[in-house]
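Reader: I should like to learn how to read the features of a model such as this one. Please take them in turn, with the general idea before the particular case.

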Amino acid sequence: MIKKIALLLAVLALSLPCPSAASAAKKPAAQVVAAIANAVSKAPAIETAFTISRDGGKPTSGNAVIQGRMFTLSLPGFRSWFDGKTQWTYSEDAAEVNVTEPTPAELAESNPLTIITTNAANCSARRLEAAAGTDKVELKPTAKSAFRKAVVTSDAATNFPKEIVVTMDDGSTAVIRFTSMKKVAKKPESHFRYAKTMIPSARVVDLR
């Protein structure tokens, strides 16, 4: 669950500034979603820190770097690297790194925003009432998905997400709050690949 929600927030972190708060506030839901999808494809790289809590539990802190389809993310006892094709997932409890090549469907389950960026027709969006200076959009997949809905609250002036509340298909919920977010220079592709020297003691399990 933590992995799936962390991937969602990593991609949502790619929002770029809108022209102004006034113009953003007038956008219908479809345009807000389109702006996020467009920002994802144009951002060079983003570093973000966040907290995530499940079903009202204690928040856990994490951070992520995202660049196009590639990302790295880190949570207590968990790290992941994805270079656009291969994913390496380290579990401290298991002391191993699993290597996989996720399918587009699996990536969509890990990151529901993929539905918007690659197949918007399968996701409906509607605006919700929001506090001054923010936008709030509810996303609901119209095809089978790992989540029922995601409510995204963003800064109306910048389009950066402030909070994401995700309801999974089993009824559980996760709340993601961003504590920092910044655009950074493009990183080499090696940054998004696992190397044995990173965690020498971990056993590598190739599941491809």
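**Reading the model, feature by feature**

Author: Asp55 is partly exposed, with a relative accessible area of 47%. This is a predicted model, and every statement that follows should be taken in that light.

Reader: Where does Asp55 lie?

Author: Asp55 belongs to the loop that runs between β1 (46-54) and β2 (60-67). Its backbone deserves attention, for Asp55 has a positive phi of about 50° although it is not a glycine. The two strands form a hairpin with 5 residues between them, and Asp55 sits in that turn.

Reader: Which other residue that is not a glycine has a positive phi of about 55°?

Author: That residue is Ala95. Ala95 is placed in the loop between β5 (87-91) and β6 (96-100). With a relative accessible area of 36%, Ala95 counts as partly exposed, because that label covers values from 20% to 50%.

Reader: How should one read the sheet, and what is the order of its strands?

Author: One begins with the order of neighbours and then turns to the edges. Here an open sheet of 12 strands follows the order β7-β8-β9-β10-β11-β1-β2-β3-β4-β5-β6-β12, and its pairing is mixed. Which strands stand at the edges is then a matter of counting partners: β7 (123-127) and β12 (203-206) each have a single partner strand, so one side of each is left without a neighbour in the sheet. On average, neighbouring strands of this sheet are turned by 20° against each other, direction ignored.

Reader: How many bridges join β1 to β2, and how many pair β1 with β11?

Author: For a single pairing, one reads the sense, the number of bridges and the residues that face each other. β1 and β2 run antiparallel and are joined by 7 bridges; Thr51 stands opposite Ser61 in β2. β1 also pairs with strand β11 (residues 173-183), in the antiparallel sense over 9 bridges, and there Met181 is the bridge partner of Thr48.

Reader: What may be said in like manner of β4 and β5?

Author: Strand β4 (residues 78-82) is joined to β5 by 5 bridges, and the two run antiparallel. Phe78 stands opposite Ser91 in β5.

Reader: How many aromatic pairs does the structure hold, and how is one of them read?

Author: The structure holds 2 aromatic pairs. One reads the distance between ring centres together with the angle between the planes. Trp81 and Tyr194 form a tilted pair, at 5.1 Å centre to centre with 55° between the planes. Trp81 lies in strand β4 and Tyr194 in the loop between β11 and β12, so the pair ties together parts that are 113 residues apart in sequence.

Reader: Are Trp81 and Tyr194 buried or exposed?

Author: Both Trp81 and Tyr194 are buried. Another residue, Thr72, is in contact with Trp81. Thr72 is placed in strand β3 (residues 70-75) and is buried, with a relative accessible area of 11%. Leaving aside neighbours within four places in sequence, the contacts of Thr72 also include Asn63, Ala64, Val65, Ser80, His191 and Phe192.

Reader: Which residues have the most contacts inside the largest nonpolar core?

Author: They are Phe50, Val137, Leu139, Ile164, Val166, Ile176 and Phe178, in a core of 28 residues. Apart from this lies another core, of 8 residues, including Trp88, Tyr90, Val97 and Ile199.

Note on methods: Residues numbered from 1 in each chain as written. Predicted model: local features only at pLDDT ≥ 70, side-chain atom pairs only at ≥ 80, totals over all residues. Heavy atoms only, no water. Core = buried A, V, L, I, M, F, W, Y, C linked by side-chain atoms within 4.5 Å. Buried < 20%, exposed > 50% of the residue type's maximum accessible area, 1.4 Å probe, protein only. Helix = DSSP H or I, 4+ residues; strand = E, 2+ residues; numbered from the N terminus. Pairing = 2+ DSSP bridges. Axes fitted to C-alpha atoms, helices over the stretch in contact; angles between N-to-C directions. Phe/Tyr/Trp six-rings, centres within 6.5 Å; stacked < 30°, edge-to-face > 60°. Contact = heavy atoms within 4.5 Å.
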